[in-house]
Amino acid sequence: MKFSKLFKFSDWPNKDIPSVAAGIYAIWNDDELFYCGMSGREIEKNQHKKKYGLVTRLDSHAIGRLSGDQFCVYVANRLVIPTLKQSDLPLFANGQLKLDTLTKRYIHEHLEYQYVLVDSSAEAYSVETEARSGKLFGQKPMLNPINL
């Protein structure tokens, strides 16, 4: 399985990703695997859509909004919140600072992704399991590992 080269989230969007496609992706911080995922559930039934699958999932991650995006929740909880200072708290209270904004900033400043396209939902699930269990990259992702 040949994954793409690494792309910076700060360079999003990526015009190389088809508007409708199933795929698996890996998110990296330097040499550390952070997260592995798949997108394109039931791709076979969704070919008619304007945008569906990998491009919409990576777009959601790049935006940094916690609502509805488990990856962004992980980034906020594990990587952003621990760096906050006491002096930041009033800025949250008055709306000057938002966790979504800090999460997007972290993603864009530190993380890169790579992906591979697949033909079916079943293949996407299978490859994602290999990636999250450590079989594909020789390490488990920090944020969403699984044990087999």
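Select Phe 7, Phe 9, Trp 12, Tyr 113 and Tyr 115 to begin: ring pairs link these residues into a cluster. Rings of Phe, Tyr and Trp (its six-membered ring) count as a pair if their centres lie within 6.5 Å; planes under 30 degrees apart are stacked, over 60 edge-to-face, and the rest tilted. Across the whole structure, a search finds nine aromatic pairs.

This is a predicted model, in which local features need pLDDT of at least 70 and side-chain atom pairs count only at pLDDT 80 or more, whereas totals for chains, interfaces and linings use all residues. Residues are numbered from 1 along each chain as its sequence is written, and side-chain values use heavy atoms, with hydrogens and water left out.

**The aromatic pairs**

Next, select Trp 28 and Phe 137, one of the nine aromatic pairs. The ring centres of Trp 28 and Phe 137 are 5.4 Å apart and the planes stand at 90°, so this pair is edge-to-face. Trp 28 belongs to strand β2 (residues 20–29) and Phe 137 to the segment after α5 (121–132), so the pair ties together parts that are 109 residues apart in sequence. Helices (H or I, at least four residues) and strands (E, at least two) are DSSP runs, numbered from the N terminus. Trp 28 is buried, at 9% relative accessible area, while Phe 137 is partly exposed at 22%. Here buried means under 20% relative accessible area, exposed over 50%, and partly exposed in between, for a 1.4 Å probe and protein chains only.

Then move to Tyr 35 and Tyr 74, an aromatic pair that is tilted, with 6.0 Å centre to centre and 55° between the planes. Tyr 35 is in strand β3 and Tyr 74 in helix α2 (residues 70–80); the pair links distant parts of the chain, 39 residues apart. Tyr 35 is buried, with a relative accessible area of 9%, whereas Tyr 74 is partly exposed at 26%.

**Met 38 and Glu 128**

Stay on strand β3 (residues 32–39) and select Met 38. Met 38 is buried, with a relative accessible area of 4%. Leaving aside residues up to four places away in sequence, Met 38 touches Gly 23, Ile 24, Tyr 25, Arg 57, Ser 121, Ala 124, Tyr 125 and Glu 128. A contact means heavy atoms within 4.5 Å. Add Gly 53 to the selection: Met 38 and Gly 53 are 15 residues apart in sequence, and their C-alpha atoms are 8.4 Å apart in space.

From Met 38, follow the contact to Glu 128, which is found in helix α5. Glu 128 is buried, at 14% relative accessibility. With residues up to four places away in sequence again set aside, Glu 128 touches Ile 24, Cys 36, Gly 37 and Met 38.

**The whole chain**

Finally, display the full chain as a cartoon. Its secondary structure comprises five helices and five strands, in the order β-β-β-β-α-α-α-α-β-α along the sequence. The C-alpha trace spans about 50 × 35 × 25 Å along its principal axes. Of the 148 residues in the chain, 45% are buried. Among contacts with a separation of 6 or more, 68% are between residues 24 or more positions apart.

Colour the charged side chains last: 19 are positive and 17 negative, and the centres of the two sets lie 5 Å apart. Lys and Arg count as positive, Asp and Glu as negative, while His and the chain ends are not counted; each charge is placed at NZ of Lys, CZ of Arg, CG of Asp or CD of Glu.
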